[in-house]
Every structure is written in C-alpha cells, then in structure tokens.
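Here is a friendly walk through one protein model, starting with its hollow spots. Take a look at the structure first, then read on.

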Amino acid sequence: MEQPTAAPPLRRGGAGVTAAVHRRPVRRLVAVGGVVQGVGFRPFVHALATELGLSGQVANGPAGARIEIEGGADAVAAFRHRLTADAPPLAEIVSVSISELPPTGRTGFVIVPSTTGRGRALVPPDSATCESCLTELADPADRRHRHPFITCTDCGPRFTITTAMPYDRATTTMATFPLCPDCAAEYTDPSNRRFHAQPVACWACGPRLRLSGPVRREGGAALSEARRMLAAGAILAVKGIGGYHLVCDAIAPHSVGELRRRKARGDKPFAVMTPDPATAARLGHLGPAERRLLMGRSRPIVLLRRRARTPLAPQVCPGAPDIGVMLPYTPLHRLLFGLPDDPSGPGVLVVTSGNISGEPLVTDDREALARLKGLADAWLWHDRPIAVACDDSVVRVRADGSPLPVRRSRGFAPARIRLPLAVRPVLAVGGDLKNTLCLAEDDSAWLSAHVGDMDSLAAQRAFERAESHLRALTRVDPVCVAADRHPGYRSTRWARRDGRPLTLVQHHHAHIASAMAEHGLHEPVLGVAFDGTGYGDDGAIWGGEVLLADYAGYRRLTHLAYVPLPGGDAGVRNPYRMALSHLRAAGIAWSPDLPCTTACPPEELPLLEAQLARGLGCTPTSSMGRLFDAVSSLVGICHRAGYEAQAAVELEAAAVTAGRVLDGYAFELDAPASLLAAIVADLRSGVGVPLIAARFHLAVADAVRTACRKARRTTGVRTVVLTGGVFTNALLDEMCTAGLAEDGFTVLGHTLVPPGDGGLALGQVVVAARVTDD
C-alpha cells in the first residue's frame with residue numbers, strides 16, 4: 001500500500017497559498033430570475049446552503065429570488081452550480097447574476113420576508129397533484145387522508161390563485177384561510193415538503209367542499225353524495241382550479257345525451273377524464289408521447305385516435321376521428337373516481353367547460369348558480385376563489401412525437417416564451433376566435449390562458465380580466481398595442497379604444513410569425529397558412545395562403561383560387577352553400593344526384609344561384625377551411641355545421657377509415673376545378689366516401705408540395721412552416737410534413753402555441769416589434 005507523503009512547505013504563490021485562498025470565506029449576492037416563486041425554490045436554497053455548510057439568507061423579491069451566500073470559495077462555487085443543476089421540478093431559471101459582498105462572518109442560513117419594489121418575478125402554471133400528495137391522500141393514517149385540497153411545493157394551483165407578485169400567501173386567494181397550528185408548523189419547517197407552500201391547508205383550516213342542489217352536504221359527505229348522484233345519471237357542476245366543469249358519467253347514454261341537449265352542444269365532441277392511463281388506452285391509441293403528456297405535470301386533454309369499439313356512450317364524440325382524454329389533475333378529481341380503499345367511483349367521466357356554448361368559463365360561485373342553472377342538477381364547489389379563468393389545455397401529438405397545442409391554457413399559461421428578438425413593452429390582443437392575449441418585453445412573452453370567442457359581452461369582460469391579471473403578474477406596462485387588421489374584430493375595436501399606439505398585423509402573417517418565433521428563426525420562410533377566415537389585404541377572406549415572410553413583412557406567392565362565400569356566416573354554418581359555390585366556380589352543374597344539391601332546401605337553390613350570379617352578399621374567399629367544408633358536403637358527410645370546423649373534422653374521420661391510400665387527385669391551389677370534377681366523377685362511379693376523403697387529403701398535401709417547390713425555385717428559401725387552424729388536422733399535417741421533407745425542405749410546425757387563432761397574439765408581438773423598429 002502506498003504511503004502518504006508529507007505536505008510541502010508553503011511558498012508565496014504556490015499551491016498552499018491557493019488552498020488557503022479557497023478556504024478563505026467569500027460572500028456573494030446571487031439574484032435569480034424566472035419561475036422561482038411558488039415552486040419550493042427558497043426551501044431548496046435553504047437545504048442546499050445548509051448541506052454545503054454555507055451561511056446567509058434568501059428572500060422572494062419583485063424580480064425573483066435574492067440570495068446572500070457566505071462560506072468557502074469552493075463551497076460557494078458548488079452552490080452556484082447546483083443552484084441550477086438541482087433546481088426544483090417546477091422551477092424555470094431564466095437568469096442568474098452574481099456580485100461580490102464583503103464577508104460578515106455570520107453563521108446559519110435563514111429565509112427572510114419578501115421584499116417589494118420594481119422587477120419581474122414569474123408565477124408558474126398550475127400543476128397536477130404530485131405522487132407524494134396522492135400517497136398521503138390515500139393513506140388512512142395521514143391527517144390529509146381524502147382532503148380535496150391537498151398540495152405541496154411541488155404541485156397544485158399557482159397561476160389561478162395568484163393575485164399579485166411577489167408570490168406569498170397574502171397575494172393569493174388563500175389569504176383568507178389562516179393556517180392551523182399543524183399547517184403553520186409545516187409551513188415554517190425548512191425540512192418539510194410544505195415549507196412556504198402558499199396553498200397549504202388541511203381539513204382544519206383549508207377551503208370547504210360543499211354540495212348545493214336538491215340536497216346540501218359539506219366535506220366528505222358532499223363528495224359521497226356527488227358520487228352517488230353521478231352514478232344515478234345526474235349532471236354536476238364541479239368547481240376546479242381554473243373554473244367550473246360540467247360532469248357526468250361518460251358510459252351512460254342518457255346522461256351524455258341530456259348534457260348535450262342542455263348545453264346546446266350540437267355534435268361537438270366532449271372531453272373525458274379517465275382514472276388512469278390503462279383506461280385511456282382502451283378508448284384511444286396511446287403511444288409513448290401521448291402517455292408522457294397524459295401523465296405530465298400539465299395534464300392537458302390529449303387527442304387520441306379513437307378505437308373502433310369503446311364503452312363510451314355514442315354521444316360523447318360523434319363523427320370525430322379523435323377522442324380528447326385527460327387524467328385527474330386535482331385531488332377532487334381523484335376522489336370522484338375513488339381511492340384504493342373505496343374504488344367504486346365512475347369508470348370514465350365527461351368533463352367539459354362549465355358554460356353555455358359560446359360563453360366564457362364560469363369561475364364565480366354566485367354566477368355558477370345562476371348561469372349553470374338548467375345545465376346542472378347540483379353544484380360541487382368550494383370557497384377558495386379563482387383569481388382568473390383557466391380552461392383545460394388540448395394537445396395532440398404530431399407524427400414525429402412532438403406536441404402540437406390545440407388550446408394552450410391550464411398547465412401552460414403563463415409560462416414564459418423566449419423571443420428571438422427584443423421587443424418594447426407590448427400588448428397583443430389576438431383575434432376574435434379562440435382568443436388569447438400576449439404581453440411581451442425584451443426577449444420574453446407571456447400568453448394568457450384561453451379566453452375563447454369574443455362574441456359575447458361576458459367574453460369581452462373575461463378578456464379584460466385576463467389582461468389585467470396577466471399585467472399584474474408580469475409587470476409589463478405596454479407602450480403599444482398590436483391587433484388583427486380585420487375591421488370588425490371586437491379585439492381590434494378594443495385595441496383602438498385603448499388609446500396607445502396601435503400596429504395592425506395581417507392575420508396570416510401573424511400565424512407564420514408565431515411559428516417562426518417559436519423556433520427562433522430570423523431568416524425568411526415559406527409560410528403555408530391554411531385556416532377558415534383571415535382578413536386579406538384586398539378585403540377578401542384569405543385562408544389558403546403561401547407567403548414568403550419574415551417578421552418585417554411578407555409577399556403573397558400563391559393562394560387557393562377565390563370563390564364567393566355566400567351569406568358570410570350563413571355560408572360557414574351551411575357547408576352545402578360552399579359546395580355549391582365551388583361547383584359553380586368550377587363550371588359543374590348542380591345536379592340532383594350530388595348530396596350537396598339535395599341538402600339545399602329546394603326554395604333556396606334559385607335564390608342562391610341568383611346571389612352567386614350577382615355577387616349579392618358574397619365575399620371572395622381563398623379559405624382552405626371553406627374548401628374542406630365544401631368537399632365534406634359534396635360527398636354527403638356534413639351539410640350543416642353545429643360547431644366550428646365540424647365538416648372538416650368529419651371529413652378527416654372518414655379519410656382515416658380508408659387506410660393507406662397512395663394516389664390523390666390532381667390539384668394546384670390556383671386551379672381547383674379539376675379537383676372538384678374528379679371528386680364528382682368518383683361519386684358518380686360509386687367510389688366509397690372514405691377513399692374520396694383520403695384522396696382529397698392527399699391532393700391538398702400534393703398541392704402544398706407543388707407550391708413550395710415552385711417558391712423554392714424563385715426565392716431559394718428551403719424552410720417551410722405549416723400554420724393555421726387547418727393544420728390541427730393530424731392527417732393533413734402528417735402528409736404535408738412527410739412530403740415536404742421528402743422534397744428536401746426543413747419543415748417546422750407549432751410546438752409551443754396553437755397553429756390556430758390561439759397563437760395569433762405571439763405572432764402579432766414579433767411583427768409589431770419589427771414594424772416599430774423600422
């Protein structure tokens with residue numbers, strides 16, 4: 001065994017001096033920015049400093065967390081490394097700045113009260129109940145056994161209960177619930193998982209669960225009665241963390257059908273909640289990426305391809321190719337399904353937004369009793385206020401396994417999106433459908449939760465509340481506003497009344513810019529923007545666009561040929577009108593053997609012919625969404641749309657059942673007549689509707705490839721972004737992506753914000769920044 005050698009004598013400038021320097025105490029001020037409040041960051045810092053034998057303090061501040069750390073230089077360096085490497089799971093560290101302070105020689109490390117002032121700390125999104133809390137929830141020996149509001153530093157509500165920053169109990173809706181002695185002891189114990197967890201509560205001191213309706217119950221009795229009512233076929237209004245849901249047994253046809261009737265839902269699919277991934281897999285095809293999304297902290301609704309046979313009531317998602325599935329994300333949801341000691345809960349629940357169709361989500365308890373009267377048989381609610389509405393997020397998985405947000409809300413809002421360029425403080429108000437708004441400053445943007453359609457006064461008030469709440473949390477004071485160019489949009493009218501300098505952004509340019517911003521792009525791209533409606537530069541309704549674009553501007557390269565949109569909204573609600581308009585533009589007679597012709601009321605046919613001939617009440621449109629509507633009606637799938645994009649959704653569902661199809665119809669965007677003639681010929685020769693639907697999807701994908709190849713020859717650009725609401729169609733997205741990649745393009749889709757109008761505001765932000773700079 002080798003013997004140790006004696007240490008060499010100390011020499012000036014030698015290793016011994018270096019060692020002495022590293023042992024000498026140093027003191028540093030560490031300022032940490034990002035999502036570091038409400039995530040257990042201060043307890044983590046306390047534990048890390050104590051482990052490394054360091055002294056000092058940590059406090060929340062207006063810009064994040066402020067740490068004073070003192071000890072040996074090596075230990076301080078290790079602290080700095082592990083501060084980011086080992087941060088809590090909900091934390092997102094955006095910046096760390098370090099400055100020197102004179103050592104004090106003090107011992108011990110403490111958490112001190114929050115400081116106020118200027119700066120920007122970030123509140124995290126709401127997070128699903130963690131495994132540790134679920135274990136306690138199911139443990140009869142735990143004092144929080146079956147507690148509907150169990151939470152800790154790693155999980156629970158954050159965004160929806162926060163009223164101001166810095167994030168402390170006094171600035172949340174938990175401020176009115178004083179801590180009992182047991183919870184106070186946990187809250188102040190640095191070794192406890194609930195150390196400075198602001199929503200912490202228990203049966204003794206927390207919010208109270210109540211059932212109102214034919215019978216009244218509180219606490220555990222309220223939950224038991226709610227489960228009994230669900231089993232008996234009732235429809236309940238259940239208060240979640242971001243608003244009320246309407247809930248019923250998804251297996252019971254009468255219950256689902258009655259909910260659909262009461263809510264005036266038409267055939268729009270319902271989302272369902274299952275107790276576990278195994279149950280979800282019996283409803284839809286669950287791959288590894290879908291499973292990760294289902295079980296992650298955000299717990300969105302995940303769109304799964306439906307299985308041919310499921311136990312669900314047929315009224316859950318009639319005509320749709322997918323089913324939206326989510327797992328329980330609150331203790332209350334878990335308790336509705338039952339625990340291991342009481343597993344007699346429902347197998348699958350319909351869980352849909354608590355509102356009348358077209359209105360915003362209900363969050364206020366008194367409003368819930370009034371606005372949901374006639375929809376719900378009883379109300380399962382609690383007395384913890386909701387600071388801001390936050391609907392469930394919806395995500396699908398693209399063919400490459402990446403997520404494609406369809407609705408970005410709970411679990412994601414208000415997470416920071418890093419911008420590829422610096423912007424002045426700006427507010428972007430989005431559009432009028434699927435509205436979200438965006439605040440941005442420097443290289444950061446924050447999108448609100450899903451607001452919804454801006455048709456009603458209630459929705460416009462919800463927009464104003466969301467804007468005020470997001471501004472309070474981000475401390476962005478906008479110096480300008482960005483909005484859509486559509487003169488009739490309510491969001492644009494609001495922006496005009498606001499009074500700050502206004503930048504109007506073309507709809508499809510905003511779509512493309514949002515995708516560019518997600519991917520940090522600066523160079524021009526070929527943007528394929530397909531949707532239902534967007535105000536064009538010529539006053540027409542655009543929506544089948546191929547643009548050469550960057551943030552500063554765009555050039556329209558090609559587009560779907562214009563056809564008249566007869567009657568505006570009436571043409572959207574009645575796809576047979578668009579089918580007849582497209583046939584007329586293609587020179588194809590309205591023969592009675594065509595389904596769209598027979599779907600049109602006989603007395604309406606001559607009026608529609610006159611309307612199209614004279615152009616009365618007709619706006620030209622290049623909308624790809626309207627072409628999908630037209631084909632859906634032409635082949636007899638959907639003639640009247642009860643919800644947005646119903647005709648296109650059901651057309652995709654038909655195409656999926658056709659299996660693998662290799663050949664589509666010949667089609668170029670600026671010459672669709674041959675496409676329509678081929679479809680009519682197939683119909684008359686008896687070709688099955690699923691095969692026609694699949695050939696149509698292939699035709700559109702081939703038209704995209706042709707348009708992009710032509711654009712590459714004239715522009716040299718080899719990057720394509722796919723955007724617009726039409727690209728929530730998984731089949732079309734997959735076909736276009738695969739075909740363009742085969743042609744040598746770099747193909748980018750959305751992964752952070754929706755391709756539809758829910759992502760417009762992000763694009764408006766970056767376009768307005770360049771317009772302002774120029």
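This is a predicted model, and there are five cavities of 30 Å³ or more in it. Let's begin with the largest cavity, which holds about 170 Å³ of space. Its lining is made of 19 residues, and Pro-148, Ile-241, Thr-330, Pro-331 and Arg-384 are the ones closest to the centre. Strand S8 (236-239) and helix H10 (331-337) each give at least two residues to this lining. H10 is the top contributor to the largest cavity, with three residues. Sorted by class, the lining of the largest cavity has nine nonpolar, eight polar and two charged residues.

Next comes the second largest cavity, with a volume of about 90 Å³. Here 16 residues do the lining, and the closest to the centre are Gly-38, Val-39, Gly-40, Arg-42 and His-196. Which helix supplies the largest share of the lining of the second largest cavity? That's H2, with three residues. The classes here come out as seven nonpolar, seven polar and two charged.

Now for a space that is open rather than closed off: the second largest pocket, at about 630 Å³. Its lining counts 24 residues, with Arg-305, Ala-730, Leu-731, Glu-734 and Met-735 nearest the centre. Several elements chip in at least two residues each: strand S11 (301-305), strand S15 (394-397), H20, helix H22 (689-715) and helix H23 (730-742). H23 has the largest share of this pocket's lining, namely six residues. By class, the pocket is lined by 14 nonpolar, two polar and eight charged residues.

Here are the three spaces side by side:

| Space | Volume | Lining classes |
|---|---|---|
| Largest cavity | about 170 Å³ | nine nonpolar, eight polar, two charged |
| Second largest cavity | about 90 Å³ | seven nonpolar, seven polar, two charged |
| Second largest pocket | about 630 Å³ | 14 nonpolar, two polar, eight charged |

H20, one of the elements lining that pocket, is worth a quick stop. The helix covers residues 646-656, and Gln-646 belongs to it. Is Gln-646 buried or exposed? Its relative accessibility is 4%, so Gln-646 counts as buried, the cut-off being under 20%. Leaving aside residues up to four places away in sequence, Gln-646 touches Asp-267, Cys-638, Arg-640 and Ala-641.

H2, met above at the second largest cavity, leads us to a sheet. Five strands make up this open sheet, in the order S4-S1-S3-S2-S5, with mixed pairing. At the edges sit strand S4 (92-101) and strand S5 (109-111), each of which pairs on one side only. On average, neighbouring strands are turned by 15 degrees against each other, ignoring direction.

Strands of a sheet pair through backbone hydrogen bonds, and they can do so parallel or antiparallel. For an antiparallel case, look at strand S1 (residues 25-35) and strand S3 (residues 64-72), which are joined by eight bridges. One residue to find there is Arg-28, whose bridge partner in S3 is Ile-69.

Two helices lie across strands of this sheet. Helix H2 (residues 41-51) lies across S1, strand S2 (55-61), S3, S4 and S5, and runs at about 175 degrees to S5. Helix H3 (residues 73-85) lies across S1, S3 and S4, at about 150 degrees to S3.

Definitions and conventions. Residues are numbered from 1 along each chain as its sequence is written. This is a predicted model: local features need pLDDT of at least 70, side-chain atom pairs count only at pLDDT 80 or more; totals for chains, interfaces and linings use all residues. Side-chain values use heavy atoms; hydrogens and water are left out. Two strands pair if DSSP finds at least two bridges between them. Helices (H or I, at least four residues) and strands (E, at least two) are DSSP runs, numbered from the N terminus. Axes are lines fitted to C-alpha atoms, for helices over the stretch in contact, and angles run from 0 to 180 degrees between N-to-C directions. Contact means heavy atoms within 4.5 Å. Buried means under 20% relative accessible area, exposed over 50%, partly exposed in between (1.4 Å probe, protein chains only). On a 1 Å grid over the protein atoms alone, a cavity is a set of points where a 1.4 Å probe fits but cannot get out, and a pocket is an open set with protein on both sides within 12 Å along at least five of seven lines; lining residues have an atom within 4 Å of a point. Grid points are joined across faces, edges and corners, and a volume is the space filled by probe spheres set on the points. Ala, Val, Leu, Ile, Met, Phe, Trp, Tyr, Cys and Pro count as nonpolar, Asp, Glu, Lys and Arg as charged, and the others, Gly among them, as polar.
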